[in-house]
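Let's work through some short exercises together. Try each task with the structure on screen before you read the solution.

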Amino acid sequence: MNFLDLAKSRYTTKSYNPNKRATEQTITELKEILSLSPSSINSQPWKFIFISDERLKSELASVSYFNQQKINEASHLVVFSVIDDIQQFENQIKQNLPEGSVNYYNQFLKPKPEAEIKSWLEHQVYLSLGFFLSACASMNIDSSPMEGIKNEEYGKILQLDGYKALFAVAIGSRNPEDSNQPSIKAKSRLPLEQTIQSF
Ligand SMILES: Cc1cc2nc3c(=O)[nH]c(=O)nc-3n(C[C@H](O)[C@H](O)[C@H](O)COP(=O)(O)O)c2cc1C
């Protein structure tokens with residue numbers, strides 16, 4: 001399938017088939033794909049946590065508001081977290097990035113207020129979400145991005161140290177009757193003329 005067709009057919013899955021698990025090979029590939037996600041200056045301020053353990057998944061589902069059922073039914077839950085300790089981030093880039101990239105950070109980002117630096121770090125993690133959802137579509141994996149989670153509870157349950165849970169993605173195989181799929185419910189978007197401009 002070409003990319004346009006994938007964009008038309010992927011959707012936020014609301015109901016999963018709990019009996020269809022993603023294969024180990026699929027999960028291994030998705031992990032490698034996430035680690036290849038692009039980021040500004042190659043900053044990679046993230047940790048991606050894959051959960052297949054049913055007990056842990058169910059514990060996280062219970063602090064995920066209206067997303068509880070889909071997390072319980074899905075094959076895996078992937079939690080996207082951002083580095084929360086700026087000093088730790090600065091040490092990480094110093095150890096891993098070329099001098100030019102570190103200089104860019106020191107000149108253009110480090111002088112900003114902490115909230116702006118953290119916002120920039122979070123942008124990088126959101127970018128990996130787009131990368132991940134597209135990858136899932138290309139691998140015929142259904143997915144549900146979810147900001148509707150109790151971020152602090154996630155942090156406690158997963159014992160995130162120096163990282164903050166931003167959002168999660170449930171993945172698996174749709175319930176064939178899921179009413180949100182495009183064959184049943186047409187995709188809804190603003191008219192292209194309103195969101196795309198050309199000169
Ligand atoms: C960052 C982000 C957070 C989202 N959070 C939730 C959520 O908590 N629960 C949910 O059911 N859908 C969630 N969605 C799905 C959006 O509502 C959905 O992407 C949008 O309506 C477009 O529909 P589509 O993904 O089916 O094309 C989220 C999507 C994104 C990108």
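A polar contact is a pair of N or O atoms within 3.5 Å; within protein, one must be able to donate a hydrogen and the other to accept it, and residues adjacent in sequence count only if both atoms are side-chain atoms. The model is predicted, with local features needing pLDDT of at least 70, side-chain atom pairs counting only at pLDDT 80 or more, and totals for chains, interfaces and linings using all residues. Residues are numbered from 1 along each chain as its sequence is written, and side-chain values use heavy atoms, leaving out hydrogens and water.

**Exercise 1. Find polar atoms of the protein that lie by the ligand.**

Step 1: Start at E147, where a polar backbone atom is 2.9 Å from a nitrogen atom of the ligand.
Step 2: Go to the side chains: a polar atom of R10 lies 2.8 Å from a ligand oxygen, and one of T12 lies 2.7 Å from a ligand oxygen.
Step 3: Ask how much is covered. On its own the ligand has 620 Å² of accessible area (Shrake-Rupley method, 1.4 Å probe), and the protein covers 69% of this.

**Exercise 2. Describe the shell around the ligand.**

Step 1: Fifteen residues surround the ligand (a heavy atom within 4 Å), and R10, T12, K14, K187 and R189 come nearest.
Step 2: Sort by class: six are nonpolar, three polar and six charged. Here Ala, Val, Leu, Ile, Met, Phe, Trp, Tyr, Cys and Pro count as nonpolar, Asp, Glu, Lys and Arg as charged, and the others, Gly among them, as polar.
Step 3: Look for elements (DSSP runs numbered from the N terminus: helices H or I, at least four residues; strands E, at least two). Both α7 and β3 supply at least two shell residues.

**Exercise 3. Trace the sheet.**

Step 1: Four strands form an open sheet in the order β1-β2-β4-β3, with antiparallel pairing (at least two DSSP bridges between two strands).
Step 2: At the edges are β1 (46-51) and β3 (142-146), each pairing on one side only.
Step 3: Five bridges join β3 to β4 (residues 163-172), and S144 stands opposite A170 in β4.

**Exercise 4. Examine phi in a loop.**

Step 1: Recall that most residues other than glycine have a negative phi.
Step 2: In the loop between α2 (24-35) and β1, I41 has a positive phi near 45°.
Step 3: N42 is found in the loop between α2 and β1, and its phi is also positive, about 60°.
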